Amino acid sequence: MATLFLIPAPLGDADTPWLPEPERLRIVHIRHFVVEAEKTARKHLKALGVTTQIRELSLLTLNEHTPATDVAALLAPLMDGHDVGLISEAGCPAVADPGAQLVALAHEKGLAVMPLIGPSSILMALMASGANGQRFAFHGYLPVDASERAQALKRLEQRSREHDETQVFIETPYRNDALLSQMRTLLAPDTRLAVACDLTLPTQTILSRRVRDWPAQAPELHKRPAIFVLHAASR
């Protein structure tokens with residue numbers, strides 16, 4: 001049976017190996033791919049050493065602009081008996097990623113789905129935070145408006161405190177510093193606040209403290225991909 005392989009992409013430099021060798025060898029034969037961005041996907045596939053010439057690969061695009069009515073057509077190679085690789089821009093496909101639509105449809109069609117081992121910035125940030133890893137939730141992006149974002153943060157902090165649940169979210173990189181500043185001002189002193197930035201890169205920065213214990217000089221996060229983790233202490 002043809003298989004939809006879920007292929008993690010590097011979180012940073014594609015020249016650094018990011019897939020275990022046994023996983024890499026499972027997908028080098030694939031000729032058909034569904035990708036979030038063609039340019040970066042070609043770079044990733046070249047680094048993985050796919051056996052087909054890069055220019056001869058079939059790369060179909062699935063991103064936030066793809067109409068839901070067009071997703072079914074992306075399964076055509078699978079229906080014809082060809083393995084297909086799904087690759088997001090960075091990290092694990094179908095996690096905070098439009099590829100989830102394709103995976104759901106593949107299951108509906110009775111097709112085989114195979115997730116591969118690779119980097120997940122969400123899980124890596126949670127691992128490194130010291131927050132509760134038994135119960136957590138990922139929320140994607142918070143509201144852009146500062147007042148609405150403040151309300152969302154207070155709701156997440158209250159939810160964390162009531163359910164002992166770690167809250168994980170992201171921000172558009174150029175707004176990272178504004179979000180961090182707001183969290184340090186708004187959250188309770190005993191709430192754990194962690195930031196994991198540039199994961200897997202030489203510039204990786206991970207800082208996890210109670211809000212009251214954060215250093216006066218916060219790390220510079222502007223335009224750097226970051227994951228934010230919040231865990232409120234029980235009262």
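Buried area is the accessible area, taken with a 1.4 Å probe, that two parts lose on being put together, summed over both. The exercises below use a predicted model.

**Exercise 1. Describe the interface between domain 1 and domain 2.**

Step 1. Locate the parts. The domain assignment places domain 1 at 3–115 and domain 2 at 121–231. Their centres, taken over C-alpha atoms, are 29 Å apart.

Step 2. Count the contacts. Five residues of domain 1 touch seven residues of domain 2.

Step 3. Read the area. About 390 Å² is buried between domain 1 and domain 2, and carbon and sulfur atoms give 80% of that. On the side of domain 1, Leu11, Gly12 and Ala96 supply 81% of the area buried against domain 2, more than any other three residues.

Step 4. Look for polar links. Zero salt bridges are found across the interface of domain 1 and domain 2. Residue pairs in polar contact between the two domains also number zero, counting pairs with both residues at pLDDT 80 or more. By class, the side of domain 1 that touches domain 2 has three nonpolar residues, one polar and one charged.

**Exercise 2. Decide whether His231 is buried or exposed, and find its polar partner.**

Step 1. Place the residue. His231 lies in strand β10, residues 226–231.

Step 2. Apply the cut-off. Buried means under 20% relative accessible area. His231 has 13%, so His231 counts as buried.

Step 3. List neighbours. Leaving out residues up to four places away in sequence, His231 touches nine-residue company that includes Ala131, Ser160, Glu165 and Arg210.

Step 4. Find the partner. The side chains of His231 and Asp164 are joined by a polar contact of 2.8 Å.**Exercise 3. Work through three of the eight salt bridges in the structure.**

Step 1. Recall the principle. Side chains of opposite charge can pair when their charged atoms come close.

Step 2. Take a pair within one helix. Glu157 and Lys154 form a salt bridge, 3.1 Å from N to O. Both lie in helix α6 (residues 146–163), three residues apart, about one turn of the helix. Glu157 is buried at 2% relative accessible area, while Lys154 is partly exposed at 37%.

Step 3. Take Glu165 and Arg159. Their side chains meet in a salt bridge of 2.4 Å, N to O. Glu165 is buried at 11%; Arg159 is partly exposed at 33%.

Step 4. Take Arg161 and Asp190. This salt bridge spans 3.9 Å, N to O. The pair links distant parts of the chain, 29 residues apart: Arg161 is in helix α6, and Asp190 is in the loop between α7 (176–186) and β8 (192–197). Arg161 is buried at 14%, and Asp190 is buried at 18%.

How values were computed: Residues numbered from 1 in each chain as written. Predicted model: local features only at pLDDT ≥ 70, side-chain atom pairs only at ≥ 80, totals over all residues. Heavy atoms only, no water. Domains from an automatic or database assignment. Contact = heavy atoms within 4.5 Å. Salt bridge = Lys/Arg side-chain N within 4 Å of Asp/Glu carboxyl O. Polar contact = N/O pair within 3.5 Å; in protein donor to acceptor, adjacent residues only side chain to side chain. Nonpolar A, V, L, I, M, F, W, Y, C, P; charged D, E, K, R; others polar. Helix = DSSP H or I, 4+ residues; strand = E, 2+ residues; numbered from the N terminus. Buried < 20%, exposed > 50% of the residue type's maximum accessible area, 1.4 Å probe, protein only.
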